[in-house]
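Student: Could we go through the charged pairs in this protein together? I would like to take them one at a time.

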Amino acid sequence: MEKNYNKTIYACFVGYIVQAIVNNFVPLLFLTFHSTYGIPMTQITLLITFNFGLQLLVDLLSVTFVDRIGYRASMILAHVCASAGFLLLTVLPDACDNAFAGLMIAVTIYAVGGGLLEVLVSPVVEACPTENKEKAMSLLHSFYCWGHVAVVLVSTLFFRVFGIENWKIMACAWSIVPFVNMLAFTRVPIASLMEEGEKGLTMGELFRNKIFWVLMLMMVCAGASEQAVSQWASTFAELGLGVSKTVGDLAGPMLFAVLMGSARAFYGKYGDRIDLDQFMIGSSVLCVIAYLCISIVPNPVVGFVGCALSGLSVGIMWPGSFSKATALIARGGTAMFALLALAGDVGCSGGPTVVGMVSGAFHDNLKTGILAGVVFPILLLVGIFLCRLFTAKVTGHK
């Protein structure tokens, strides 16, 4: 009987929603943790740093075991960790003598799940025997954006109706999503990235490939371009629209995520009619324009519009870079996807850091920091043209 790989792709879509829950639910509870458990805000902010830091480590370590235990077992493990982490979030802070230690244990467990998902989901979709891989990859990554929107909207609505003191119910509800998807991954067909008898490239072989380093640079710039502005979206909403912080949190990051997801969904639907390189070049140029609107134009409303445009412009960067990697490097395998995910996460951390450091050096001038961030989409443009030169050299075309 012919295997239905559409179910596999749908399960992967949900996998990225799970990762969105992992990254975006707990930050909504920071003030609640502060008031309920008396944890200093300096410690609470370590939760998000630790979450992403551990995901970086998992990205790197996954190269050593994913191929050994297989993609199915790894996917099941990722979802079990995510579900268990959310459930333990409701128990450990009260059960442990130190509430912060309890939170850290829960974050550790679900961060392992989030890190594994980032490494696994893209290659599982790439391995499915479907046409128009670039379309599927772009549509896949849009589900992280929709998951982000859903987490903020559903959680905010729940807290509004039932009270923030009932956050544990919401955490348990979110834990159901990875649990159900884990059951799906026990049944859906999973294809191999390699032909029978083939082996994926080792890390050493990848490191000796010049185009791989260009792709790594592109992933760093994709992550940095995405996060350099999104971290400040709430601030621009408050300043540009003159709204409260609550409305700013919804208008800024939510609009950014919606537009980023829309760009990915658009290419996911029409990608067979659009050249990926041209779409990425146009998006990178739009990103530069958006950054300049934010940093140079004195009108705060224009700054907020620039912030929204940057969400639209960065949508294709991450999935597009993944697609270019699979097209340019044969037999890249798990190692390639893991290292690209690692580079993307480095960019996600480094982008806001660069903006913050430059802003601080110029007397907390956020606009100057954003202006410095223009380097990321510009470098991504350079990477695209280097890939085009490499392709022309290999094929013999000018």
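Tutor: What follows is a short talk about salt bridges.
This is a predicted model, in which local features need pLDDT of at least 70, side-chain atom pairs count only at pLDDT 80 or more, and totals for chains, interfaces and linings use all residues. Residues are numbered from 1 along each chain as its sequence is written, and side-chain values use heavy atoms, with hydrogens and water left out.

Student: OK, how many salt bridges are there?

Tutor: The count comes to five, where a salt bridge is a side-chain nitrogen of Lys or Arg within 4 Å of a carboxyl oxygen of Asp or Glu.

Student: Which residue does Lys135 pair with?

Tutor: Lys135 pairs with Asp272, and their closest N and O atoms are 3.8 Å apart. Lys135 sits in helix α8 and Asp272 in the loop between α13 and α14, so this salt bridge ties together parts 137 residues apart in sequence. Helices here are DSSP runs (H or I, at least four residues), numbered from the N terminus.

Student: And Arg264, is that one buried or exposed?

Tutor: Arg264 is buried, at 2% relative accessible area; buried means under 20%, exposed over 50%, and partly exposed in between, with a 1.4 Å probe and protein chains only. Its salt-bridge partner is Glu226, with the closest N and O atoms 3.2 Å apart, and Glu226 also counts as buried, at 6%.

Student: New topic: which residues are joined into one network?

Tutor: Asp277, Lys324 and Arg388 are joined by salt bridges that share partners. Within that group, Lys324 and Asp277 meet at 2.6 Å, N to O, and both of these residues are buried.

Key
Helices (H or I, at least four residues) and strands (E, at least two) are DSSP runs, numbered from the N terminus.
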